[in-house]
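I opened this model to look at helix packing and one loop. My notes follow in the order I took them.

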Amino acid sequence: MKIGFIGLGIMGEAMCANIARKHNDTVYGYDVRPERCAIEGVIAVTNSVELARLSDIIITMVPKSEHSRAVYEEILDVLGPDKICIDMSTIEPKVSIEINEMVRTRGAAFLDAPVVKSRPAAEKGELGIYVGGPEEEYQKILPVLHYMGRNVIRMGQNGAGLVMKICHNALVSQIQNGVNETVTLAAANGIDVMTFAEAISYGGGQNFYLDSKKQVIRDQDFTTAFSIENMNKDVHICQALAAESGVEMPGEENVIRVYEKAMDLGLGAKDFSATYSVVSGAKKEA
C-alpha cells in the first residue's frame with residue numbers, strides 16, 4: 001500500500017520520515033517548498049495531484065483550514081473508492097466535515113487525525129493522535145498511524161478528532177497561562193523558576209507543561225517546537241467552537257488576549273512558551 005504525505009513542515013517532516021523508515025512500500029512526499037522533500041526513503045513528487053494519483057493512502061499536514069480545503073479541492077478529481085485520505089492538520093471541525101462530505105462524493109474515505117505533542121515526539125514516533133471517522137476505516141489506517149504515534153484513540157465520527165484536539169490545546173493554553181503568571185509572581189518574590197518547579201512537583205499543581213518547559217523559561221531559549229502563530233490559530237478555533245456550542249470560556253478568552261499580544265509583539269515564529277515573555281513583562285511593546 002503506497003502512502004503519500006503532503007505538508008513537510010516542522011511536524012510533517014518528522015512524521016513522514018517515520019513512515020518511510022517503518023513502511024514496507026513506497027512513500028511519496030510533497031511540499032510547496034521542494035527542499036523540504038529531501039527525506040531519506042521518500043520519493044519527492046512535483047504536486048499534490050501527482051501524489052494523490054500515485055498513493056493509496058493520502059496524508060495531509062498543512063497549517064490552516066483554507067490550506068486543507070485547497071489541497072482536497074485540488075486532488076478531488078483523482079480520488080476514488082480505492083483511496084483513503086487522512087487529514088492530520090489542526091483545522092476548524094466544521095471545515096473538516098465539509099471536506100469529508102466533498103471527498104466522499106468521489107467514493108474515497110476521509111478521516112481527521114490531528115496530533116498532540118511537538119517536534120521531539122514527532123521525531124520519536126510518540127505523538128498522540130485523535131481520530132474522527134467510521135470505525136471500519138479507523139481500523140484500516142491504525143497501523144499507519146502507529147508509525148507516527150504511541151497513543152492513538154478514535155473519538156467518534158468525522159470532526160470528533162478535531163474537537164478533541166481543540167479541547168486539548170485549550171486546556172494546555174490555560175495551564176500555560178497559569179504557569180506563566182505564577183512563575184512571574186514567584187520570581188517577583190525571589191523564587192527562581194527551577195526551585196518553583198521542584199516545589200510545585202510536591203503537590204497537586206504538578207503538570208507536564210511546567211516540567212517540560214522550566215529550563216526553556218529559565219534560559220529564555222524559545223527555539224520553536226510549536227509556534228505561537230499555530231497556537232494562536234488553535235485558541236481562536238476554540239473561541240469559535242465555544243460560541244457555536246453555546247459554551248462560555250472566560251479562561252480561554254484571557255489566553256486569547258495573551259496570544260494576540262504576542263502576535264502584536266512580533267513573536268509569532270517563536271515557540272509558544274515565549275508567551276512567558278508577554279505575561280512576565282519581559283517583552284515590551286516598542
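**Entry 1: the end of helix 11.** This is a predicted model. I began just past helix 11, where Gly 266 follows. I read its phi as positive, near 80°.

**Entry 2: the length of helix 11.** I then checked the helix itself, residues 250–264. At 1.5 Å a residue, its 15 residues should span 21 Å. I found the end C-alpha atoms 21 Å apart, so the expected span and the model agree.

**Entry 3: the two sides of helix 11.** Which residues of helix 11 are buried? I listed Glu 252, Val 255, Ile 256, Val 258, Tyr 259 and Ala 262. They cover an arc of only 165° around the axis, which means they sit on the same side of helix 11. I turned to the other side and found Pro 250, Arg 257 and Asp 264 exposed. Next I asked what covers the buried residues of helix 11. The cover includes helix 7 (160–188), helix 10 (228–245) and helix 12 (275–280).

**Entry 4: helix 9.** I ran the same kind of check on helix 9, residues 208–219. Its buried residues are Tyr 209, Leu 210, Lys 213, Val 216 and Ile 217. Their arc around the axis is only 130°, so they lie on the same side of helix 9. I noted a lysine, Lys 213, in that buried list. Against what do these residues pack? I found helix 7, helix 8 (193–200) and helix 12. Helix 7 and helix 12 had already come up as cover for the buried residues of helix 11.

**Entry 5: helix 1 against helix 6.** I moved on to helix 1 (residues 10–22) and helix 6 (residues 135–148). Their axes come within 8 Å and cross at roughly 115°. The range for roughly perpendicular is 65 to 115 degrees, so I logged the two helices as roughly perpendicular to each other. Helix 1 passes helix 6 in a right-handed crossing. From helix 1, Met 15, Asn 18, Ile 19 and Lys 22 make the contact. From helix 6, I noted His 146, Tyr 147 and Met 148.

**Entry 6: Gly 159.** Last, I looked at the loop between strand 9 (149–156) and helix 7, where Gly 159 sits. Is Gly 159 buried or exposed? Its relative accessibility is 4%, so Gly 159 counts as buried. I set aside neighbours within four places in sequence and found Gly 159 in contact with Pro 93, Ile 97, Asp 112 and Gly 132. I also took the C-alpha separation of Gly 159 and Glu 92, which is 8.6 Å. Those two residues are 67 residues apart along the chain.

Note on methods: Residues numbered from 1 in each chain as written. Predicted model: local features only at pLDDT ≥ 70, side-chain atom pairs only at ≥ 80, totals over all residues. Heavy atoms only, no water. Helix = DSSP H or I, 4+ residues; strand = E, 2+ residues; numbered from the N terminus. Expected span 1.5 Å × (residues − 1). Buried < 20%, exposed > 50% of the residue type's maximum accessible area, 1.4 Å probe, protein only. Arc of directions from axis to C-beta. Contact = heavy atoms within 4.5 Å. Axes fitted to C-alpha atoms, helices over the stretch in contact; angles between N-to-C directions. Parallel < 35°, antiparallel > 145°, perpendicular 65-115°, else oblique. Left-handed = near helix turned anticlockwise from the far one by under 90°.
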